[in-house]
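I opened this entry to keep a record of what I looked up, one topic at a time. The links between side chains come early, and the sheets and backbone follow.

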Amino acid sequence: MKPTLKFIKNIVIILIMSFMMPYHFFGQEDIPFSPGTDVLETANTYGVGDAAFDLTITPGGLGIGNIVIWTNVDATTLNGSGLKMVVGGEDPFVSPDLEVTVDGTAEILHVVPDPTVTLTTIVEDSYTIFLEFESGGDTSEIEVIIPVRKPVSAAFVLDRSGSMGNPPHDGVGTITRMDILQTAANLFVNKLDAFKVPGDSVALTYFETTVDTPPPGFGASFTDIDGNASNFTNEIIALTPGGWTAMGDGLLSGKNKLSTTAAHSRQLIFLFTDGEQNRGDEVVDGGPDIGEETDSGESLNNSDDSIHIITIATGAAAMGAPASLLEEIATKNTPTGATARFFLLQEEVNAGGDGSDFNTTTGIANFFDAGFENMLEGNSPQTVGVENGRVPRVIDSTSGSSTSAPVHNFEINDNIDKILFELITPDQEPFFTVEKDGVSVTGSCNDESAIKYIFGPNNGTNSLLGIIDLKKYAGCAALPQTSKGTWTVRVRSGTGGGKPYQIKAQVDDHRLDYDYNIEADDFKVGDQLRIFTDLSYRKKPIQDANVSVLVFKPGEDLGDLLARAQVKLDVNDSVDVGSIGYEKLLALLEQNPDLIDSLNLGENVVNLSHSGDGKYEGTFSDTDVSGVYQTIAQISASNDSIGKINRLTRRTVYLRFGDPDPDPNVSPQQVTQIGDNKFQLQYTPKYKVGNKQRFVGPGFANGISIKGNDVANVNTVDNGDGSYTITFDAINSNNDPDISISVSDVKVYKGSALGFGKSQDCNTLCEVQNWLEDTFGIPGWLAFIIALLILLILWILNKKFKKPKK
């Protein structure tokens, strides 16, 4: 039987993976979800190396007995560093004695009124000390949580090109993309200020035709967030758009600034853009170096690959080749142990429903929020829920009375340190009130308002952030003594009302951990999406949660739709515009506004099943359309002790088109030699989905790559109908150079230039060689010889150890 390409691929993969397969250990059973008793927390989340807090141990009422202290810190894991109980001070109690067990070493010490716990570790985690009061057989346990994380150095690399002055396609009135970015960035820096540890800092970089450096103290280097949140906001809201899009230069500027920060900090770049790069040192958008370096060869990351780049995009940047590139930038610039995140928002599509509204005004802020949570992953904050509504109209402007305010209830669990409520609306004087279990949260604590309100820039879109610090003001009569219960938010307006809004609840929770990820073979049309979520509380698996994922699928394959559409296109290339594909989409929607209905996202629900050890899994297979898929994971659990847990987290998935069919009868191809040393190619890439043929479509000019040792001066023109005209020069006196053609890093042709457009007769051996070369990056003939040698060795071993028949 003639071996097939699939068979040979599987054999080679098995052989290679057999040498790479790690050992796995099994046997630990699931632990029931059963939180402990009384819980305390330290006054702050601490930075690395300098955390200390006072812990007063008062066994009052228990009589004489021992206080047993132990911790979840493993000294071997921490290489000898960890938690220390420093016991000192005057007038110690005569009894009881304090039995201290730290890292497995026990000793008896006298109890003092104010012992101090000092953290000396450089490992991030939420450490726990358990205090157990023993007296006459009665036991009372107190759990002390010590959250520790590295400081973050966050470099904002923000697009201020001319297109940022445009309103989004789904925008209202005069609100521009710049207004929306300013609101999102303002909320980000104020939340970082609310969750800060010593050393958290921010730097700003703007890019247009060139890179703009903000005033000293903001752009030239990093500035501590402590005490500077409002200064950052004032700087960002002063931005004005203009110029082109030098995205690569902006990323390199952010990288260079990060080189000045502390080596132990979390180093991040938040890249926001609404367009296609068209100036400066551009990021490589094809080949093995796609998303890793610029055309000049400069890496986007530092020498130890510790920079985490999170990309957020809208407009022309959220479709076609630019979207694919932003996915690559985020995926290839994620440090070990971190989770890659990119967020793409198509302004032309939407999905209704609470928490699933992807309009641009709230969508960009939600994506910055998702990036913020990813930045502090493992250390809070977490989103409880998101709801939408309309601000009630004012009935009597004199008295300020209005129609009844919509009620938004958020169920929040116990042991929460901070609660944040965030309001985004175009209303010019928004406000909200908060109740806990029907009791209004008002008044002051230590001469400060029980709720700290932070108003955002009033620039057409407005925001209001309310922060309730339950730990800082523990014992204050104006605040509830526990976070467990129903928190109610009522939105009001001081103006005419009637404007849409989004209200969001977030919490600071160091006991609940969850990890939400999506995998696929290649993230292309037809791939099954494999969805995973891990849940634990106090490091114990949660086995009885309900986890569902909303998958919002594009209504149409946008590339195929645009290629087939007949529309007049007049592009002004003297200003910062998007790709031909994006401009054609805008023209098409202007010509036929009802088309938007066919593009809107369709909601699908995937219920995940518990597979053991707090792991929840599911799949989504309806992936026959390319483009941007939005997903929202909804997590809920309940426990009598801590109440109801509700969490929400987001992720964008970009599915590229299927592999272009190399057959010229499917994907029309033509080559013309238009001079002794010049070639012109006409190419219309198509792919198959079932029995259907689809265009890759316009918008991929920057994603089409032609390479060869004797190739220079490549220029690709997007014709707007799914076809591309590519010209290049042949050098080194080669009148028929060998070329390799790829579309968004998918190889579609390899051979002589004049052979392009002719049927390719490639047998199984030829296909295997091409596959090995593309997959492993070594010459196909060499990889094939190595594979044959491995097969030969296995055959010899099999013959040698095969038992003879009796």
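**Disulfide**

I began with the two cysteines, and I noted that Cys 445 and Cys 476 are both buried. The model is a predicted one, and I kept that in mind for each entry below. I found that Cys 445 and Cys 476 are joined by a disulfide, with 1.9 Å from S to S, and that the structure holds one disulfide. I then looked at where the two ends sit: Cys 445 belongs to strand S24 (residues 444-445), while Cys 476 lies in the loop between strand S27 (462-469) and strand S28 (485-493), so that the pair, 31 residues apart, links distant parts of the chain. I also checked the handedness, and the link of Cys 445 and Cys 476 is left-handed, with -85° about the S-S bond.

**Salt bridges**

Next I turned to charged pairs, for which the count comes to 26 salt bridges. I looked up three pairs one by one.

The side chains of Glu 298 and Lys 255 meet with 3.9 Å from N to O, which falls inside the cut-off of within 4 Å for a salt bridge. Glu 298 lies in the loop between S14 and S15 and Lys 255 in helix H4 (residues 247-258), so this pair ties together parts that are 43 residues apart in sequence. I recorded Glu 298 as partly exposed, because its relative accessibility is 31%, and Lys 255 as buried, because its value is 15%.

My second pair was Arg 530 and Asp 521, which form a salt bridge with their closest N and O atoms 3.3 Å apart. Arg 530 is partly exposed at a relative accessible area of 24%, whereas Asp 521 counts as exposed at 58%.

For the third pair, I found Asp 560 and Arg 564 in a salt bridge of 3.0 Å, N to O. These two residues are four apart in helix H7 (residues 558-564), which means that about one helical turn separates them. Asp 560 is buried, with a relative accessible area of 12%, and Arg 564 is partly exposed, at 45%. I also noted a network in which salt bridges that share partners join Lys 191, Asp 369, Glu 422 and Lys 504.

**A buried acid without a salt bridge**

What does the side chain of Glu 276 make a polar contact with? I asked this after seeing that Glu 276 is buried yet has no salt bridge, the nearest side chain of opposite charge being that of Arg 279, 11 Å away. I found that the contact is with the side chain of Asn 702, at 2.9 Å. As for its place in the chain, Glu 276 is found in the loop between strand S14 (266-273) and strand S15 (307-314).

**Two open sheets**

I then traced an open sheet of four strands, which run in the order S39-S40-S45-S44 with antiparallel pairing. Strand S39 (669-675) and strand S44 (711-718) stand at its edges with a single partner strand each, so one side of each has no neighbour in the sheet. From one strand to the next, the twist averages 20°. I looked more closely at S44 and strand S45 (residues 724-730), which pair in the antiparallel sense over six bridges, and noted Ala 730 in S45 as the bridge partner of Val 711.

Another open sheet has three strands in the order S43-S46-S47, again with antiparallel pairing. Its edge strands are strand S43 (704-707) and strand S47 (746-752), each of which pairs on one side only. Neighbouring strands here are turned against each other by 15° on average, direction ignored. S43 and strand S46 (residues 738-743) run antiparallel and are joined by four bridges, and I noted that Ile 706 stands opposite Ile 741 in S46.

**Positive phi**

Last, I checked the backbone, keeping in mind that most residues other than glycine have a negative phi. Asn 415 has a positive phi of about 65° although it is not a glycine, and it lies in the loop between strand S20 (407-412) and strand S21 (418-425). Asp 447 also has a positive phi of about 65° without being a glycine, and its place is in the loop between S24 and strand S25 (448-449).

Is each of these two residues buried or exposed? Asn 415 counts as buried, at 16% relative accessibility, whereas Asp 447 is exposed, with a relative accessible area of 79%.

Terms used
Residues numbered from 1 in each chain as written. Predicted model: local features only at pLDDT ≥ 70, side-chain atom pairs only at ≥ 80, totals over all residues. Heavy atoms only, no water. Disulfide = S-S within 2.5 Å. Buried < 20%, exposed > 50% of the residue type's maximum accessible area, 1.4 Å probe, protein only. Pairing = 2+ DSSP bridges. Axes fitted to C-alpha atoms, helices over the stretch in contact; angles between N-to-C directions. Lys, Arg positive; Asp, Glu negative; His and termini not counted. Polar contact = N/O pair within 3.5 Å; in protein donor to acceptor, adjacent residues only side chain to side chain.
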